[in-house]
Amino acid sequence: MATTGPGAPGGDAPAGARECPPGPDPGPDPDARPGPDRGGPAGPGDEFRRGLEETLRRYTGRRCEEAGGIDGLFRARPAADVARFTLHGGKRTRAAFLWWGWRASGGRPGDGDETTVLRLAAALELLQTCALIHDDLMDDSALRRGRPALHVDLARRHRHDGMLGSPEAYGASMAILAGDLALAWADDLFTEALPEGPAGRRVREPWRAMRTEMVAGQFLDLHTQAGGGFSAPAALRVAHLKSALYTVERPLQLGAALRGAPPELVGALRLAGRRAGLAFQLRDDLLGVFGDPRRTGKPAGDDVREGKNTYPAALALARAEALGDTEALAVLRESLGDRTLTPQRLARFREVLTELGVRAAVERRIERLSALALDRIDQACDDPAVRRGLAGLVRAVAGMRPP
């Protein structure tokens, strides 16, 4: 399959193609702000980021033009929604790990397969768009990246336009379609980007596995929540499938597979990614309880109100039961799954987790997992620049400050 040169990342838009209508100014992106709640992710460099954003802009622009050829309203609504969601915000974490997997395997800026890396990274970002749109709907989350979640915004548009039927049902249905469209675009771009020969076959397998693992993790998350049980091992299993593999391990593997890395290096990167990915999810679990919405862009306490089987919640229940702490157990059980939970009661829930030593225990586990990942990277990567880049990204996703 022919590819374009680095000077025209993506090479996807025909003459005259435009980005979908951008709509209102989305405002500052909270994900882009450095700080203890977000870590200011260390990316692979401004040049890669610019190339990735240009690839996404050109590709979504082309797909919006195609959508307009089908129907103008189809372009103005779901196609434009997918483009805006993808282009406006996000830390590009998965794309960065794919890049560093490629760099760790010998890839260098300006190499012949750099454009392929950009396009595979863009496909990952479109897959993330699908995941976030659907995840917000399933979790009934009101905010994403500091702005209304897509299904919430679509319901608002329904009310504003005086349309018939339930605004909430309309918003949910349209968000499902938008997520499906993002998945279709992700798969289309991935297929277009695949190189011919062995490299294409190597990259196809982790992509296929990653999509199924992501759905399996989401299924187990929802199923465990519906069952009402709290188990630390089950929470870690969901975290492994839903986050560790999808966010870090598989993107690293994709980059390494594209470059044809030897099995021992692929294995080392995957192991480091598995540990860093789990640290990422544990950090996200803590932020879900203790995070500042002004920095995270998401409401605090949603996991508590939904009664999610997160690792901190399961560990807190187990510790309170072991200690016979009836007061702590009462707070935990009355809070978990209560959608009317007030900020005051959430504050008490936080106090209980701190008093039981759960917050400190999870922090220690994050530090231990991160240290193991960093040690593996040091052993596997010969290039000092790659070691620094990967180490910075691992520390960022784990919420650790630079050394």
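## Salt bridges in the model

A salt bridge is counted where a side-chain nitrogen of Lys or Arg lies within 4 Å of a carboxyl oxygen of Asp or Glu. One such contact joins the side chains of arginine 159 and glutamate 168, with 3.0 Å from N to O. Arginine 159 is partly exposed, at a relative accessibility of 47%.

The structure is a predicted model. Across the whole of this structure, a search finds 37 salt bridges. Some of them share partners, and in this way Arg62, Arg63, Glu66, Arg119, Asp188 and Glu192 are joined into one network.

## A pair within helix α5

Arginine 157 and aspartate 153 also form a salt bridge through their side chains, at 3.0 Å from N to O. Both residues belong to helix α5 (residues 150–160); because they are four residues apart there, about one helical turn separates them.

Arginine 157 is buried, with a relative accessible area of 13%. Aspartate 153 is likewise buried, at 18%.

## A pair between distant parts of the chain

A further salt bridge connects the side chains of arginine 103 and aspartate 383, at 4.0 Å from N to O. This pair links distant parts of the chain, its members being 280 residues apart. Arginine 103 lies in helix α3 (residues 93–104), while aspartate 383 lies in the loop between α15 (358–380) and α16 (384–397).

Is each partner buried or partly exposed? Arginine 103 is buried, its relative accessible area being 11%. Aspartate 383, by contrast, is partly exposed, with a relative accessible area of 22%.

Technical notes:
Residues numbered from 1 in each chain as written. Predicted model: local features only at pLDDT ≥ 70, side-chain atom pairs only at ≥ 80, totals over all residues. Heavy atoms only, no water. Helix = DSSP H or I, 4+ residues; strand = E, 2+ residues; numbered from the N terminus. Buried < 20%, exposed > 50% of the residue type's maximum accessible area, 1.4 Å probe, protein only.
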